[in-house]
Amino acid sequence: LFAGAADFTWAAPELGALPPMEGVEIAFAGRSNVGKSSLVNALTGRNTLARTSHTPGRTQQLNFFRIGERFTLVDMPGYGYAQVEKAKVEAWTRLIHAYLKGRSNLARVYVLIDSRHGLKEIDTALLDGLDKAAVSYQLVLTKGDALKKSEMEKRIAGIHAALAKRPAAYPEVLLTSSRDDLGVPELRASIARLLQE
Ligand code: GDP
């Protein structure tokens, strides 16, 4: 699935610059510093993939990476960085909404949540947007190595409760750690299943 070169195919920094809807897209979103680059790199085995969108709070663009023949990975710009001014937050919101609207080839958005912090208001705002746009999404907890087992169980239970009434949420929550390769094979399998549908 992840074999072959990843081509950086498109960067969409503004409205009207989205690539044509060709093939299946799978997107990754999360707050800045959530561990998105690390997880995407662990997932794909490519260390350079998510670097382009890495500078926190600065890069406000959607990056599209063609992965082999099977799908396009969409790296959404990190959100919730404290020092970002209002205009940039608004630009982020406009870009994401423009992307989500009518993107029928978008199979799923994996929304990354730092397991140490849980769901923040800004994450909830994104989930609201996804529910509204009826875009399927699944929550992925990152840094699963950083919590004790009992704390982690509480965290996951809390997240399940928060998801219960959300129409577009996939009920399963994935627990990952790119540091320990925890949950990475499961995430890969989840993507493979999506591509079979
Ligand atoms: P991004 O801003 O979302 O792309 O996040 P990065 O992948 O750059 O990671 C942000 C910070 O979290 C870095 O200091 C990483 O070392 C740390 N980090 C990333 N993945 C993990 C993980 O699985 N476990 C732990 N403990 N830290 C992680």
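Start at the ligand: select it and show what surrounds it, and you get 18 residues, the closest being Gly 35, Lys 36, Ser 37, Ser 38 and Arg 179. Keep in mind that this is a predicted model. Colour that shell by class and you'll find three nonpolar, eleven polar and four charged residues. Now pick helix 1, residues 36-44, which gives the most to the shell with three residues.

Zoom out to the whole protein chain. There are five helices and seven strands here, and if you trace them along the sequence, the pattern runs β-β-α-β-β-α-β-α-β-α-β-α. Switch on burial colouring: buried residues make up 33% of the 197 residues. If you draw the contacts with a separation of 6 or more, 75% of them link residues 24 or more positions apart.

Next stop, helix 3. Select residues 121-133 and check the ends: 13 residues at 1.5 Å a residue should span 18 Å, and the end C-alpha atoms are 18 Å apart, so the two agree. Show side chains for Asp 123, Leu 126, Leu 127 and Leu 130, the buried residues of this helix. They sit on the same side of helix 3, because they cover an arc of only 100° around the axis. To see what covers them, add strand 2 (24-30), strand 5 (106-114) and strand 6 (137-142), which are among the covering elements.

Then spin round to the face turned away from the buried side, where Glu 121, Ile 122, Thr 124, Asp 128 and Lys 132 are exposed. Finish just after helix 3 at Ala 134, which takes a positive phi of about 55°.

How values were computed
Residues numbered from 1 in each chain as written. Predicted model: local features only at pLDDT ≥ 70, side-chain atom pairs only at ≥ 80, totals over all residues. Helix = DSSP H or I, 4+ residues; strand = E, 2+ residues; numbered from the N terminus. Expected span 1.5 Å × (residues − 1). Buried ≥ 20, exposed ≤ 12 C-beta atoms within 10 Å, placed from the backbone. Arc of directions from axis to C-beta. Contact = placed C-beta atoms within 7 Å. Near = placed C-beta within 6 Å. Nonpolar A, V, L, I, M, F, W, Y, C, P; charged D, E, K, R; others polar.
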